[in-house]
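Below is a set of questions and answers about one model, written for a reader who wants to follow the reasoning from term to value.

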Amino acid sequence: MQLEGWFLWFILFWVLVLIGLFAIGGFFMFRKFLKKLPKNDGKSDMDWEEYYVNETRHLWPDDQKALLEDLVSPVPELFRDVARHKIAGKIGELALKEKADTINQELVIRGYILATPKRDHKFLRKRLAEKQISTAPYETLF
């Protein structure tokens, strides 16, 4: 049987789509694999993130949890849990380094800035302006 006409083009298109989807999935799996590799101290980036979240879980008041939830709201639902966990890990790291008694608004904003890429900072500035929170103290971090 010889492939010809529209069916040939359909099969070729489908092969390209599958190769593309496998490449995208492989890229994200490889990134996760790299984050899970242990560093010089024997812990991976993900292990440290989990450590900081667990060590500071009791320091989070409800209003700061709500603020963090509001800040990660534009992230697509599929990735929101990962983003929230990464940002909470950075906030926890800052809280432990500074020996904070509780997570406050300043720590949440600083942790968000440090944990997210620059392209997300535009949204943060807009959201803080809506909440009438000055970004002046954080300009060096942007």
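Axes are lines fitted to C-alpha atoms, for helices over the stretch in contact, and angles run from 0 to 180 degrees between N-to-C directions. Helices (H or I, at least four residues) are DSSP runs numbered from the N terminus, and contact means heavy atoms within 4.5 Å. This is a predicted model, in which local features need pLDDT of at least 70 and side-chain atom pairs count only at pLDDT 80 or more, whereas totals for chains, interfaces and linings use all residues. Residues are numbered from 1 along each chain as its sequence is written, and side-chain values use heavy atoms, with hydrogens and water left out.

Q: In which helix is confidence lowest?
A: The score used here is pLDDT, the predictor's confidence in each residue, from 0 to 100. Over the protein its mean is 84, and 97% of the residues reach 70 or more. Helix H1 (residues 6–36) has the highest confidence, at 89, while the lowest, at a mean of 81, belongs to H6.

Q: How far apart are the axes of H4 and H5 where they pack?
A: Angles under 35 degrees count as roughly parallel, over 145 as roughly antiparallel, 65 to 115 as roughly perpendicular and the rest as oblique. H4 and H5 pack at an angle of about 120°, which makes H4 oblique to H5. Residues making this contact include Lys86, Ile87 and Ile91 of H4 and Leu107, Val108 and Tyr112 of H5. The axes of H4 and H5 are separated by 8 Å.

Q: At what angle do H2 and H4 pack?
A: Helix H2 (residues 45–56) and H4 have their axes 8 Å apart, and their orientation counts as roughly perpendicular. On the H2 side the contact includes Tyr51, Tyr52 and Val53, and on the H4 side it includes His85, Gly89 and Gly92. The packing angle of H2 and H4 is about 65°.

Q: How many of the 11 residues of helix H5 are buried?
A: Buried means under 20% relative accessible area, exposed over 50%, and partly exposed in between (1.4 Å probe, protein chains only). Helix H5 (residues 105–115) is largely enclosed by the rest of the structure because most of its residues meet the buried cut-off. The cover over its buried residues includes helix H3 (62–71), helix H4 (77–97) and helix H6 (121–130). The buried residues of H5 number eight of the 11.

Q: Which helix gives the most to the largest nonpolar core?
A: A nonpolar core is a set of buried Ala, Val, Leu, Ile, Met, Phe, Trp, Tyr and Cys residues joined through side-chain atoms within 4.5 Å. The largest one has 25 residues, and those with the most contacts inside it are Ile91 and Ile103. H3, H4, H5 and H6 each supply at least two residues of this core. With six residues, the helix that gives the most is H5.

Q: What distance separates the C-alpha atoms of Ile133 and Gln105?
A: Ile133 lies in the segment after H6 and counts as buried at 16% relative accessibility. Leaving aside neighbours within four places in sequence, Ile133 is in contact with Gln105, Ile109 and Leu128. Ile133 and Gln105 are 28 residues apart along the chain, and their C-alpha atoms are separated by 9.8 Å.

Q: Is Lys99 buried or exposed?
A: Lys99 lies in the loop between H4 and H5, and its phi is near 55°, a positive value in a residue other than glycine. At 69% relative accessibility, Lys99 counts as exposed.
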